[in-house]
Amino acid sequence: MLGLRFRQIAFVNLAVVALVGSSAYRWLPGGFAGPQAVAAEPEKFSSYVDDNGNIALPADYKTTFTHLGTFATASKVGGEVDQLHGVYARPEDVEAYQKDGKFPDGAVIVKDVYKTKSGNLTTGTVSWATDIDIWFVMIKDSKGRFRGNALWGDGWGWALFKGSDPQKQVATDYSTDCRACHVPAKKDDWLYVRGYPVLGDRETK
Ligand code: HEC
């Protein structure tokens, strides 16, 4: 074992000597400065997605993302507003959408669902956000990178985090946890863009 290792080292040394010996660079100050194999770092798809397609909640979205819009939602049809859904995207993704009418590869969309309180203020009857309930995250993937991962499909990665544990992604399969509810928005790349005035011209119904 040890013998083999020594032999390998000896061989490598020999190879280097041979290279230096045959190289004009040999006489340059600083020693051998021949061409080096610089391995290109593989470009990382997203700082919120690991190599296996696990999605993390962007910790800084409230301060660094652009607010797209808010849905005041009564979770019981015909009932009172009891949730506020704020939706956010990175400024560069909003800019790309304004230009091309679609979100680019890697775009990140966060929706936070807040519980509410309501009451009469001087503006009228008002609901305002109290505690966070859950977060939804979607990450645009126009290259189908994570085939076989049940949280990726239809051009997006889909994720869910509970207010009690923002570190832990809890969705298991987007086709059962998310997809059916987003079918009505399929024509807008699965997004309810009607609620996002900052994106510019869009159907509002
Ligand atoms: C009960 C239906 C329902 C389910 C289940 C659901 N969504 Fe949605 N989602 C909606 C609706 C409707 C909106 C827009 C209106 C609102 O928020 O009230 C929305 C909005 C969003 C938004 C904001 C961007 C957009 O689409 O306009 C994100 C992000 C999102 N959902 C992600 C998810 C993910 C990820 C899942 C699964 C883990 C999921 N949703 C499951 C109905 C649903």
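User: In this predicted model, does tryptophan 152 count as buried or exposed, and at what relative accessibility?
Analyst: Buried means under 20% relative accessible area. Tryptophan 152 therefore counts as buried, its relative accessibility being 8%.

User: How is the pair formed by the rings of phenylalanine 146 and tryptophan 152 classed?
Analyst: A pair of aromatic rings is described by the distance of the centres and the angle of the planes. For phenylalanine 146 and tryptophan 152 the centres are 4.6 Å apart. Phenylalanine 146 is buried, with a relative accessible area of 12%. The planes of the two rings stand at 45°, so the pair is tilted.

User: What is the geometry of the aromatic pair of tyrosine 61 and phenylalanine 65?
Analyst: The structure holds 10 aromatic pairs. In the pair of tyrosine 61 and phenylalanine 65, the separation is 6.4 Å centre to centre, with 75° between the planes. Both tyrosine 61 and phenylalanine 65 are buried. Planes over 60 degrees apart count as edge-to-face, and this pair is edge-to-face.

User: Which residues form one aromatic cluster?
Analyst: Tyrosine 61 and phenylalanine 65 form an aromatic pair. They belong to one aromatic cluster, whose members are Tyr48, Tyr61, Phe65 and Tyr88.

User: Why do the buried residues of helix α3 lie on the same side, and what arc do they cover?
Analyst: Helix α3 spans residues 91-100, and its buried residues are Asp93, Val94, Ala96 and Tyr97. They lie on the same side of α3 because the arc they cover around the axis is only 160°.

User: Which exposed residues does the face of α3 turned away from its buried side carry?
Analyst: An α-helix has 3.6 residues a turn, so residues three or four places apart point the same way. On the buried side of α3, the buried residues pack against β1 (66-73), β2 (83-89) and β3 (108-121). The face turned away from that side carries the exposed residues Glu95 and Lys99.

User: Which residue follows α3, and what is its phi?
Analyst: The residue after α3 is glycine 101. Its phi is positive, near 75°.

User: Which residue is the single protein donor to the iron atom of the ligand?
Analyst: The donor lies in helix α5, which comprises residues 179-182. Its NE2 atom is 2.1 Å away from the iron. The iron has a single donor from the protein, His182.

User: What is the phi of aspartate 189, and what is the phi of tryptophan 190?
Analyst: Most residues other than glycine have a negative phi, and most peptide bonds are trans. Aspartate 189 is found in the segment after α5, as is tryptophan 190. Aspartate 189 is partly exposed at a relative accessible area of 25%, whereas tryptophan 190 counts as buried at 4% relative accessibility. Phi is positive in both residues, about 55° for aspartate 189 and near 75° for tryptophan 190.

User: What distance separates the C-alpha atoms of isoleucine 139 and aspartate 105?
Analyst: Isoleucine 139 is found in strand β4 (residues 124-140), and it counts as buried at 0% relative accessibility. Not counting residues up to four places away in sequence, isoleucine 139 touches several residues, among them Tyr48, Gly106, Val108 and Trp152. Along the chain, isoleucine 139 and aspartate 105 are 34 residues apart. Their C-alpha atoms are separated by 8.2 Å.

Conventions: Residues are numbered from 1 along each chain as its sequence is written. This is a predicted model: local features need pLDDT of at least 70, side-chain atom pairs count only at pLDDT 80 or more; totals for chains, interfaces and linings use all residues. Side-chain values use heavy atoms; hydrogens and water are left out. Buried means under 20% relative accessible area, exposed over 50%, partly exposed in between (1.4 Å probe, protein chains only). Helices (H or I, at least four residues) and strands (E, at least two) are DSSP runs, numbered from the N terminus. The arc is that of the directions from the helix axis to the C-beta atoms. Contact means heavy atoms within 4.5 Å. Donors are N, O and S atoms within 2.8 Å of the metal (3.2 Å for Na, K and Ca); water is not among the atoms, so sites may look incomplete. Rings of Phe, Tyr and Trp (its six-membered ring) pair if their centres lie within 6.5 Å; planes under 30 degrees apart count as stacked, over 60 as edge-to-face and the rest as tilted.
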